[in-house]
Amino acid sequence: MLCEKCGVAPATIHLTTIVGGEKIEQHLCAACCQKQKQALTMAGMSTLLLSLLKGASGVPDETVTLRCHSCGQTFEVFQKTGMLGCPKCYEVFKEHLTPLLSRIHGKTSHTGRVPPDTFEQTTMARRLESLRRNMDRAIAEEDFELAAQLRDEIRAMQPAKEPSSDELDSIDNVAVACPDDVTCGEVSADA
Amino acid sequence: MLDDSLLQKASESVMDNDVAISSRMRLARNFADLPFPGFMDMEQAQESVRRCVSALSDTLTPYALDKLPPLKRMILVEKHLISRDLLKTPERSAAMISSDEKLSVMINEEDHLRIQSFAPAFELDLAFAKAFEADTRLQEKMNFAYDTDLGFLTACPTNTGTGMRASVMLHLPALTWSGEISKVTQAVSKLGLTIRGLYGEGTEAQGDLYQLSNQVTLGRTEEEILSDVKTAASQMVEWERRIRAALHAGDKINLEDRMLRALGVLERARKITSKEFMQKWSAVRFASCMRVIPHNISVIDDLLVSAQPASLQSQASETLSDEQRDIRRAELVQSRLKV
Ligand SMILES: [Zn+2]
Ligand SMILES: [Zn+2]
């Protein structure tokens, strides 16, 4: 019998798979069977996740007893099934989920759509985050004038209860030492 | 007379379905105050169904899966309106489906809600807009599990963030037959995307049909993900077209021989199994795209659902044996392929 895929080589392998409740029998040559196995590696997400979970051998023993108080799911069971029990699990297992999320998605922070009720809060948080990043960059580039300006913007956005960070104070000193008409490069960099 | 390039442009926009068969969007959402479906008791499962039905019944028709005859359930699966997984717990799950079958919501599958929208060919934008329209409507009425850092929370961390999966169903006979498909797989995985055989995970792509979709759901916006998938899909469409042309130019006789033999089987065989059908179907579809045969591509595409087991059974008055079903399949295919 010839291989039914290529029709060239003799069929040496008899393969049975169940697809959609229908039994499928194939008679393949070794080469075509190999190709078929390659197709296997194109499997879906859950397979990927489970392989990542299996590979995560560095997970410390204490995770065995880590249990979500809300739904009862344990991290141990999650490692086997890839399924969390409830939204609270994300908080309970956070420490161990973060590296996993990073391996799956390459990132650990959502940047997409937000529910309508958290919209204002989230856009504010994202704006703050981007202002902070820009400020850090300005400091690194020693553009203290811009940094001071960004600091003021951040302060204006922040609620009064949040104390200003050390970082913000340190710029304050720089800004004082840096009059508008002096280029910031002239201020000592260790400020 | 029409300018040649104009004519070509017009035919290309219509003929985008030569490689891209359909587009699909899926959004995973969960209620903030209920455990994920796998951890719900019966009461919570019913509560989840109740909420969805009351929020959506003005536009979608609810289907209680345990009250639906098994055959009807399978037809929904063959039309991709619901997943096989949803049928594992019919007494706890439900589906809501629009009258045009372009939008469906699976309730209590892996997540509380799986909003799905479908569009023809490469109209992923349309599917995208429809899914988010439904999502927006739902979010006016209910609170979904959401975390400022992680976005929309899902039962499996592979969907967390946007909860979005955008996919395009691609017919890639030339890439498959030439063996180039393994390069495609590698290229795609580097882009945070994935490609797999459409019919069943872990088996070869029956009918040379593949689903290209995003793998990453966290840290990219919905628009970025959409654009990632669209870019990759259009590259694959071009890639497949190039190889199709190359195969045809390189060995016309053998390629057309393979195509026409496939047509011969579909037009003449007295019985045909689902597996053989998918094989020949792919070659015949390829032939139609290359204008080797006069058959209209939409006729061929329609067969993809109507020749599936449950659809065939639904047309019969008595329960069909495997052989009877294969006979019915051959009859159906022949009646549809008459030019
Ligand atoms: Zn072979
Ligand atoms: Zn939990």
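What is the handedness of the crossing of α8(B) and α9(B)? The crossing is left-handed, a term for a near helix turned anticlockwise from the far one by less than a right angle, clockwise being right-handed. The exercises below build up the setting of this crossing and then turn to single residues.

The model is predicted: local features need pLDDT of at least 70, side-chain atom pairs count only at pLDDT 80 or more, and totals for chains, interfaces and linings use all residues. Residues are numbered from 1 along each chain as its sequence is written, chains are lettered from A and ligands numbered from 1 in the order in which they are written, and side-chain values use heavy atoms, without hydrogens and water.

**Exercise 1. Compare the span of helix α9 of chain B with its expected span.**

Step 1. Helix α9(B) covers residues 274-289, which are 16 residues. Helices (H or I, at least four residues) and strands (E, at least two) are DSSP runs, numbered from the N terminus.

Step 2. The expected span is 1.5 Å times one less than the number of residues. For α9(B) this gives 22 Å, and the end C-alpha atoms are 22 Å apart, which agrees.

Step 3. Of the 16 residues of α9(B), 14 are buried, so the helix is mostly covered (buried means under 20% relative accessible area, exposed over 50%, partly exposed in between; 1.4 Å probe, protein chains only).

Step 4. After the helix comes R291(B), with a positive phi near 60 degrees.

**Exercise 2. Describe how α8(B) packs against α9(B) and against α12(B).**

Step 1. Helix α8(B), residues 252-268, has an axis that comes within 8 Å of that of α9(B), and the two cross at roughly 125 degrees. Axes are lines fitted to C-alpha atoms, for helices over the stretch in contact, and angles run from 0 to 180 degrees between N-to-C directions.

Step 2. The pair α8(B) and α9(B) is therefore oblique. By definition, angles under 35 degrees are roughly parallel, over 145 roughly antiparallel, 65 to 115 roughly perpendicular and the rest oblique.

Step 3. Residues in this contact (heavy atoms within 4.5 Å) include L255(B), M259(B) and L266(B) of α8(B), with F277(B), W281(B) and V284(B) among those of α9(B).

Step 4. With α12(B), residues 322-337, the packing angle of α8(B) is about 110 degrees and the axes are 7 Å apart. These two helices are therefore roughly perpendicular. L263(B), L266(B), E267(B) and R268(B) of α8(B) meet V333(B), Q334(B) and L337(B) of α12(B).

**Exercise 3. Place H295(B) in relation to these helices.**

Step 1. H295(B) belongs to the loop between α9 and α10 (297-306) of chain B. Its relative accessibility is 9%, so H295(B) counts as buried.

Step 2. Beyond four places in sequence, H295(B) is in contact with L263(B), E267(B), S288(B), I300(B), L337(B) and V339(B).

Step 3. The side chains of H295(B) and E267(B) share a polar contact of 3.4 Å (a pair of N or O atoms within 3.5 Å; within protein, one must be able to donate a hydrogen and the other to accept it, and residues adjacent in sequence count only if both atoms are side-chain atoms).

**Exercise 4. Examine the surroundings of E109(B) and F31(B).**

Step 1. E109(B) sits in the loop between β4 (103-107) and β5 (113-120) of chain B. With a relative accessible area of 12%, E109(B) is buried.

Step 2. The side chain of E109(B) makes a polar contact of 2.4 Å with the side chain of S83(B). Residues touched by E109(B) include P37(B), D85(B), L86(B) and R114(B).

Step 3. F31(B) lies in the loop between β1 (20-29) and α2 (42-56) of chain B, and its 0% relative accessibility makes it buried.

Step 4. Among the contacts of F31(B) are P87(A), C52(B), H112(B), M142(B) and F144(B).

**Exercise 5. Identify the loops that hold A121(B) and D208(B), and state their phi angles.**

Step 1. A121(B), in the loop between β5 and α4 (124-141) of chain B, is not a glycine, yet its phi is positive at about 45 degrees. A121(B) is buried, with a relative accessible area of 14%.

Step 2. D208(B), in the loop between β9 (193-197) and β10 (209-214) of chain B, is likewise not a glycine and has a positive phi of about 55 degrees. At 10% relative accessibility, D208(B) counts as buried.
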